[in-house]
2 protein chains.
Amino acid sequence: MPVNYLTPAADQLLPVPGVRLGTAEAEIRKKSRRDLTLIALDAGCSVAGVFTQNRFCAAPVQLCRSHLAGGKEIRALVINTGIANAGTGEPGRQTAQATCDAVGAALGIAAEQVLPFSTGVILEALPVDRIKAGLPAAQADLKADNWHAAAHAIMTTDTVAKAASRTVAVNGKKVAISGMSKGAGMIRPNMATMLGFLATDAGIAQPLLDALVKEAADLSFNCITVDGDTSTNDSFVMIASGQSGISFAAETDAGWAEVKAAIIAVSVELAQAIVRDGEGATKFITVAVQGGKDADECRKVGYAIGHSPLVKTAFFASDPNLGRILAAIGYAGIADLDVDGVRVWLDDVLVAENGGRAAAYREEDGARVMAQAEITVCVDLGRGNAAASVYTCDFSYDYVKINADYRS
Amino acid sequence: MPVNYLTPAADQLLPVPGVRLGTAEAEIRKKSRRDLTLIALDAGCSVAGVFTQNRFCAAPVQLCRSHLAGGKEIRALVINTGIANAGTGEPGRQTAQATCDAVGAALGIAAEQVLPFSTGVILEALPVDRIKAGLPAAQADLKADNWHAAAHAIMTTDTVAKAASRTVAVNGKKVAISGMSKGAGMIRPNMATMLGFLATDAGIAQPLLDALVKEAADLSFNCITVDGDTSTNDSFVMIASGQSGISFAAETDAGWAEVKAAIIAVSVELAQAIVRDGEGATKFITVAVQGGKDADECRKVGYAIGHSPLVKTAFFASDPNLGRILAAIGYAGIADLDVDGVRVWLDDVLVAENGGRAAAYREEDGARVMAQAEITVCVDLGRGNAAASVYTCDFSYDYVKINADYRS
């Protein structure tokens, strides 16, 4: 059960003109489930992506990077669930290439115009013949009004499909933004990976889109942690079709600020949905760090708190265990941090200042906040004006159960 | 129940001439337990220490650093359990100072010649009057043959006392080494802290001892992880009394290599005992990384594996989940790692090479190793000659239980 998250209904997910999605049952690992998704892009779309930093990055990630860098117009994305095609060495690269070849042949485009994505079991070979066999059905299913089905088809062990839409009015015209994501741990053990896809019918010049996908990732998918493990396949791709008639070439263009804010908001919603569906999660926690010299040190503190098993088990127990939070701030890696200047709140309750417990703090106030399903830990480092947030969940018996029992 | 660890019997722990220990019941947090330890050093001892990097470092740690840097001969150590005197701000510094003042008055030495250590609950005030009241009994109890009692008196929620001794013959004389440690998580939630103390009757010149304590810590206490959290109070102190009549002033002195090796071996034994007694531990795991360009990158890989909740739950489940280990290697932070050159063994079973599963690997061989209580994961990075080891334990239901229930 995710924490305060419901998949939007199909009619709440807006079609993005220029972007069509189709799904099929390809029996990649299991029968009777849609496990193959094809996304076809009209000519004229700009596309940008960010990918895992894991050195054991999967074969499809290597091809995505190469095809985006190659400069040919991207015209299709193909996503399979069931097998991650990671830890598969040179044979894995060949099956990822064969997948692109097959999609290219089906759509009459070059293989270099296809971005491939895989998620599922690591170390197993991808059955490329089943993908080829499933492609005609996915192609026949292509339509713009298909985000709901696609969000379901990219799931692995997610307990809910994750998707979001938003519109922005610009110069009397309407810009649509839709996206979907999957993942329930930063790495979902053998069933690995976080994937995120977002499309808009605004036109966005390539340099602007390249910058936006990085900025949006830094504010969304790069701010979440379930267990601190980074997957081999993590990918986040943004598509701008331009078919709304509204286009942006520079940060200063009228309406860009609003569209950019909406795109970032959808990214954050998709990223947070992954944490809400985190393995064994019973609580959703925002760690908001402010007063830092730069965003990087704020993020370090956020992750130190968000990764600490001691802090996360305390959240599970609804225990306002301040010592664990202070210790995590202390070891976050800010060498010259003056701890006497640090203040910490649980929601609106000031819990620590002057190097220790706040004088007015009462344990029952902390306990009241910790009992909630949604909690904000706010940390003021008291040394600057930068801020950053990290989103995480608690650490429960079920986390151990899910991960200890996963393969059995 | 610790993994394969028994406290040595009292007569197996050797007295170190020049070093006397005494314990007392001071009722610092609980009645009817020995919670105050005094260590008195004869004149002529050299002393060196390494301390937590946590910015929320405890008041006694601040005084230890200051007294060691002050250059006056250290003549006493005082250790209390029950209250950590961490996260206590300026009042905490005053109580740590008052503790040193009291010990100095009792022993007729200056307060600056005393090193104070506290372990226990964070954020609570240290009852310095109870320490003062307990000191006479601890002083009356001072004797060289008292390591066993002291190892018990410094425990917090450790399930066993941790101590070790060794002798080395040098020029027909015998050098004695004894030590003790405490801790069951890198931070034991509110009952915080790893403490380690080691004494020898060899004489060791201060520069040599300063270097040795760092080197020994890097090979022992800095190689262990239970949950990746760094305590506010972690301390490791080494004492050399010189009363064996054997003294060392330079790395090249005859017999130094053997004494140094024995001191490091005792340090490693004391550090490993903490992991064997780790919260909820059912297995003891050595992550041995070799073939790195430098020890630092080997340690990064060791900690990535040793910290990963996914890897640690797999050990708990006796599941040879290679994907999790490979993913941890991949995100350890070696930017130019060629994963195709990495090899991984579980004990003597080659499980991964060429970027994926080893061709000859059979799941039942991996499962056989994973069922053991002691496991070595060996990683060869294939890019140099450096090596480093990290010691860790598995991640069980009991870890969550202990840490979620701790304060209730």
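Trainee: Which residue in E11(A) does A:Ser46 stand opposite?

Mentor: In this predicted model, A:Ser46 faces A:Ala240 of E11(A). Local features here need pLDDT of at least 70 and side-chain atom pairs count only at pLDDT 80 or more, whereas totals for chains, interfaces and linings use all residues. Residues are numbered from 1 along each chain as its sequence is written, while chains are lettered from A and ligands numbered from 1 in the order in which they are written.

Trainee: What makes E3(A) and strand E11 (residues 235-240) of chain A a pair?

Mentor: Strands (DSSP runs of E, at least two residues, numbered from the N terminus) pair if DSSP finds at least two bridges between them; E3(A) and E11(A) share six, in the antiparallel sense, and therefore they satisfy that condition.

Trainee: In the open sheet E3-E11-E8-E7-E6 of chain A, whose pairing is mixed, which are the edge strands?

Mentor: They are E3 (46-51) and E6 (162-170) of chain A, each of which pairs on one side only.

Trainee: Why are H7(A) and H9(A) called oblique to each other?

Mentor: The axes of H7 (residues 295-307) and H9 (residues 322-330) of chain A come within 8 Å and cross at roughly 140 degrees. Angles under 35 degrees count as roughly parallel, over 145 as roughly antiparallel, 65 to 115 as roughly perpendicular and the rest as oblique, so these two helices are oblique.

Trainee: Which residues make the contact of H7(A) with H9(A)?

Mentor: A:Val301, A:Ala304 and A:Ile305 of H7(A) meet A:Ile325, A:Ala328 and A:Ile329 of H9(A) (contact requires C-beta atoms, placed from the backbone, within 7 Å).

Definitions and conventions. Axes fitted to C-alpha atoms, helices over the stretch in contact; angles between N-to-C directions. Helix = DSSP H or I, 4+ residues; strand = E, 2+ residues; numbered from the N terminus. Contact = placed C-beta atoms within 7 Å.
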